[in-house]
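Please walk me through this model in running prose, beginning with a loop residue and its surroundings and moving on to the unusual backbone geometry, the nonpolar cores and a pocket.

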Amino acid sequence: MTQVVITGTGLYTPAHAVDNEALVKAFNAWAKAENDRHADAIAAGEREALEYSSSAFIEKASGIKNRYVLDADGILDPQRMRPHLPERGNDEPSIQCEMALDAARQALASAGIEADDIELVIVACSNLERAYPAVAVELQQALGAGGYGFDMNVACSSATFALETAANAITSGSVKRALIVNPEICSAHLNFCDRDSHFIFGDACTAMVLENDAVARAEERYAILGTRLVTQFSNAIRNNAGFLNRVTDADPNALDKLFVQEGRRVFKEVCPLVARLLCAHLASLELGAEDVSRLWLHQANQNMNDLIARKVLGANPGPEQAPVILDRYANTSSAGSIIAFHLHRDSLVRGDIGIICSFGAGYSAGSVVMQKA
Ligand SMILES: CC(C)(COP(=O)(O)OP(=O)(O)OC[C@H]1O[C@@H](n2cnc3c(N)ncnc32)[C@H](O)[C@@H]1OP(=O)(O)O)[C@@H](O)C(=O)NCCC(=O)NCCSC(=O)CC(=O)O
């Protein structure tokens, strides 16, 4: 039987770091200016004054202390409150292709292979820069990869869904090597004027090389023992941006064309869904909590991750067992669990078992159980 292995990973981290203090300062300056602008209406009781944000709340409610973004200046400008990413011409590389190239080259180097060894390129992320041509096809050409490529979007679960897709392509014999990249520009879909969520997201891009074990060259390999995916429709995380916006005569700048969530509901509904998925997946592989050395969980909220890890492992996990990267990176959507895998796997030894787990909009959740070979 074909064994699929992960042989390389890469991570692109944007140059601009924004800590909670800087973000809150910009939000509060914007909120004060709005309140000043509407002072009469507020005094007349016709309008509620905007409340201020606080770093202490953000860290306590989410665990986030910092995020990396493609453009900090636009986000931190109270007159703008959104990144500024100038439009690129058709003859220039797209932003997502550029992010992906950096992460992909690292992943290829760690797998010890060349770009033309790759036969399948999947760009999997929450937001794609354009409708077509696929960013994956642009990346395929920019890298010099062979075969074919396509884009896919399963929001925060894009990476795990792509892992199953790529693993199946290798198992079927269709390709021997695949590259998955997750270029997330979450700062572009985030409403920085929404006190409830302005702190949630950051930008990053991850990459992974998957290979048929029989052709892999890298010494460090993670054998995929199984994948399991689940979806369950919910409006609790939603973004109505889409190509029909122009023709429905809806306001294309309306706030529902950005990320909107009911955070409490997400917390309550998604934790049990994910815990059930992971426990059932382990059981189907005849594994128990005691067999799991590491949980590389989706990085959205620290309290959520603690709860899921407790439900799956039966005890509070140490930082080694369920590594945290959301304190530095915030929620980078599909890239989050892969950043955790990329940065926190060195201490594993041969035979150790770990799970990459995603969850998010859809709802969607994915589990990839791996063993260090
Ligand atoms: C968003 C949250 C951090 C919010 O934390 P809480 O639920 O504890 O907080 P809350 O909204 O109930 O608010 C509690 C109190 O704090 C106040 N409050 C809200 N925002 C504040 C701020 N910025 N500063 C100070 N106070 C604030 C509220 O008004 C309220 O006040 P009062 O008490 O006076 O009423 C959390 O709910 C969360 O992370 N949920 C899970 C979200 C998640 O994982 N989403 C997935 C994202 S989608 C994803 O990952 C990507 C994808 O799928 O694409």
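Ser-94 sits in the loop between H4 and helix H5 (95-111), where helices (H or I, at least four residues) and strands (E, at least two) are DSSP runs numbered from the N terminus. Ser-94 counts as buried because its relative accessibility is 5%, buried meaning under 20% relative accessible area, exposed over 50% and partly exposed in between, with a 1.4 Å probe and protein chains only. Leaving aside neighbours within four places in sequence, Ser-94 is in contact with Arg-88, Glu-129, Arg-130, Val-135 and Glu-138, contact meaning heavy atoms within 4.5 Å. Of these partners, Val-135 is 41 residues away along the chain, yet the two C-alpha atoms are separated by 7.8 Å.

The model is predicted, so local features need pLDDT of at least 70 and side-chain atom pairs count only at pLDDT 80 or more, while totals for chains, interfaces and linings use all residues. Residues are numbered from 1 along each chain as its sequence is written, and side-chain values use heavy atoms, with hydrogens and water left out. The mean pLDDT of the protein chain, the predictor's confidence in each residue from 0 to 100, is 97, and 100% of its residues reach 70 or more.

The backbone has several features to inspect. A cis peptide bond with omega of about 0° joins Tyr-132 and Pro-133, and Pro-133 belongs to the loop between strand S4 (120-124) and helix H6 (135-143). Another cis bond, with omega near -10°, runs from Gly-362 to Tyr-363. Met-81, in the loop between H4 and H5, has a positive phi near 60° although it is not glycine, and Met-81 counts as buried because its relative accessibility is 5%.

Turning to the interior, the largest nonpolar core has 51 residues, and those with the most contacts inside it are Val-274, Leu-278, Leu-295, Ile-308, Ile-355 and Phe-359; such a core is a set of buried Ala, Val, Leu, Ile, Met, Phe, Trp, Tyr and Cys residues joined through side-chain atoms within 4.5 Å. Its largest share, nine residues, comes from H8. Leaving aside neighbours within four places in sequence, Leu-278 is in contact with Leu-295, Leu-297, Ile-308, Val-312, Ile-355, Cys-357 and Ser-367. Apart from this core lies another, of 37 residues, among them Val-4, Ala-124, Val-175 and Ile-180.
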